[in-house]
Amino acid sequence: MDDFEAFIDTLSQAHPGYTDFIAHLCTLAFAHLPPFIYITDANHPRVTASVVDAIFTQAAEVPYIPPLHYARINGVACFNARIFYDTVLDAFAGWQPSWENGCQTWPGEDGVRYNDSIDGFLHGLRRLSAELGAMQLPNSSKAKGKAKATEPSSQEPSLVIVVERAERLCENVPELVVPLTRLAELARVRVSVVLLSSVRWQDLQPPVGASPDPYFLDVESLARQDIIQRLVFAFRNTLEQISLSDVPDMTYHPSLLPLYEKYAEVLCSTIFLYVNDPVELQYIAAARWPGFVKPVVWQQENREGGDQVPDIQLPNMDGRLRLFNYFSPSFTQALEALYPRLTNAADWATQNDYEPGLGDMRPEGGDTSMKIRMPPTVKVDDLPRMSKFILVAAFLASTNPAKSDLRIFGRGAVDRKKKRRKAGISTKGGSNKTSAVTQRLLGPAVFPLDRLLAILGALLEEHDFESRPYDPRFELPGEYTDMEIGRIHVYGAITELTFMRALHRMNPMEKLDGPPTFKCGISYDVALALAKDVGVPSLNDLMWDPV
């Protein structure tokens, strides 16, 4: 019983969140497996398949249990009956087709074929059960006392067939469903069929009651903390594998484990709302981790003056906050690129790698916090002229209150300088009250699309008039500007800037009531550079709270 509990504890630590499921299935496996089991996991079937695989693969390590042989089948790969028969028999026999034996399936050159029909498959199972039972006979003499007395009755091996993605097997080979549910009855051997699917059995059950009711096992959804522990456990496994290899990798240094725990927690809190599959989260975490930890490793190597660092000094709380603020926007970018598999993790990590030349990682004095000089998150140097005007208009719309648009853009530049907002408000006693916090310090405000187009038209009419080509069709003032801001390329440029995260869309795409709302995503320095580039002489003259 101690070995049994230790086995369950080991599997539970490797698979957080599956403790009850592991204890339930292990109890069945070590006592008596039902002939037909149906496991339903609507959220993480791939993770559950790995848990089932670990249980039956490592069951042989537990002493004093009945002999158990296991075959794992994928319902997508077995798209016809013959492939299914050969895969199951080869797995039980430990047979590996190779070029040397002509890619023959089990039993090789024997000449007997067990993949023609369900009858041949049943004969193959009986032969394998007899051969596997004969292989266990030499071990029966080692048992003593009561164990030796009970050995002959339990000498027949147990065969377990686990079918992953069972719904695809039922779609491709529907004639196999009923024989599989009654396989122990038809083959007259100790065999158990485990179907694992994300679909309920009621949706796959053959009609007219041709198959018996299975033993149901439902898997609960994993919590966020369980997924974080799973990511940390995978990181520990990677550390062990790299420590056994001869090639050192500072990205997976054992000293970085506490930092990775915080990294996994922040990553899950950022994108857990969009994807909660542990496999996908682990894929995204592995792609972003080398670039995330590179500033820490690079700073340590510069401090030590060499490549071989025995121990890495982790940044303090301030340094961790700077790291997360720097790399948090790339978490959603990794999700958008890797989750639909628009690219692979290695190429994405190379394209989004951290370059030490873009940041300053020198510690100040004895403080280990990292001073990161963040490069601009949006590359605006190569943007078209219209896109630069749109960004300047978006910055003004996010910075200025809506009531100030008519005052600022409804007069000329001379009047605008005279009636700029004062920094303080005088009282009767002659003292000045402290002015309210400016919108530029509070952060960008949300604005609708029509306000953005109105400010864009005002900027184009005042600062883009001389660069326009002459067109005799537009003679009235503002007529050409109205035509220009109504072109489709303006809306396309706004959409492109949204994908570049220079603009942030605040309402969902599927919402049809009301105009789209946005928020500016560039800083004051970037907006000032863009304004000078497009010919706006002074950005402060257009701001309600000048700098």
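**Exercise 1. Work out how far the predictor trusts this model, and where its confidence is lowest.**

Step 1. Start with the whole chain: the protein chain averages a pLDDT of 82, and 82% of the residues score at least 70, where pLDDT is the predictor's confidence in each residue, from 0 to 100. This is a predicted model, in which local features need pLDDT of at least 70 and side-chain atom pairs count only at pLDDT 80 or more, while totals for chains, interfaces and linings use all residues. Residues are numbered from 1 along each chain as its sequence is written, and side-chain values use heavy atoms, with hydrogens and water left out.

Step 2. Go on to the elements, which are DSSP runs numbered from the N terminus, helices being H or I runs of at least four residues and strands being E runs of at least two. Helix H6 (residues 146-150) has the lowest mean pLDDT among the elements, 41, whereas E1 has the highest, 96.

Step 3. Look for stretches of low confidence: pLDDT stays under 50 over residues 357-377, for which the model has 47 contacts beyond four places in sequence, a contact meaning heavy atoms within 4.5 Å. Over residues 423-435 pLDDT also stays under 50, and here the model has eight contacts beyond four places in sequence.

**Exercise 2. Describe the five-strand sheet and the helices that lie on it.**

Step 1. Write down the strand order: the five strands form an open sheet in the order E2-E3-E4-E1-E5, with parallel pairing; two strands count as paired if DSSP finds at least two bridges between them. Strand E2 (68-74) and strand E5 (215-218) stand at the edges, and because each has a single partner strand, one side of each is left without a neighbour in the sheet. Neighbouring strands of this sheet are turned by 20° against each other on average, direction ignored.

Step 2. Examine one pair: strand E1 (residues 36-40) is joined to E5 by four bridges, and the two run parallel. Within this pair, Ile39 has Leu217 in E5 as its bridge partner.

Step 3. Add the helices. Helix H2 (residues 19-30) packs on the sheet, touching E1, E2 and E5, and its direction makes about 155° with that of E5; axes are lines fitted to C-alpha atoms, for helices over the stretch in contact, and angles run from 0 to 180 degrees between N-to-C directions. Helix H4 (residues 81-93) lies across E2 and strand E3 (158-164), running at about 150° to E2.

**Exercise 3. Describe the three-strand sheet in the same way.**

Step 1. The order of this open sheet is E8-E10-E9, and its pairing is antiparallel. Strand E8 (446-448) and strand E9 (503-505) are at the edges, each with a single partner strand, so one side of each is left without a neighbour in the sheet. From one strand to the next, the twist averages 40°.

Step 2. E8 pairs with strand E10 (residues 517-520) over three bridges in the antiparallel sense, and Phe447 stands opposite Phe518 in E10.

Step 3. Helix H20 (residues 449-463) lies across E8 and E10 at about 80° to E8, while helix H22 (residues 488-499) lies across E9 and E10 at about 90° to E9.

**Exercise 4. Find the residues with the most contacts inside the largest nonpolar core.**

Step 1. A nonpolar core is a set of buried Ala, Val, Leu, Ile, Met, Phe, Trp, Tyr and Cys residues joined through side-chain atoms within 4.5 Å, and buried means under 20% relative accessible area, exposed over 50%, and partly exposed in between (1.4 Å probe, protein chains only).

Step 2. The largest core has 76 residues, and Phe56 and Trp289 are those with the most contacts inside it. Not counting residues up to four places away in sequence, Phe56 touches Leu25, Ala29, Leu33, Leu68, Tyr70, Val160 and Val162. Apart from this core lies another, of 42 residues, among them Leu460, Leu503, Cys520 and Val536.

**Exercise 5. Classify the partners in two of the salt bridges by their accessibility.**

Step 1. The structure holds 20 salt bridges, each a side-chain nitrogen of Lys or Arg within 4 Å of a carboxyl oxygen of Asp or Glu.

Step 2. Glu167 and Arg165 meet in a salt bridge at 3.0 Å, N to O; Glu167 counts as buried because its relative accessibility is 10%, whereas Arg165, at 33%, counts as partly exposed.

Step 3. Arg168 forms a salt bridge with Glu171, the closest N and O atoms being 4.0 Å apart, and both lie in helix H7 (residues 166-172), three residues apart, about one turn of the helix. Arg168 is partly exposed at 29% relative accessibility, and Glu171 is exposed, with a relative accessible area of 56%.
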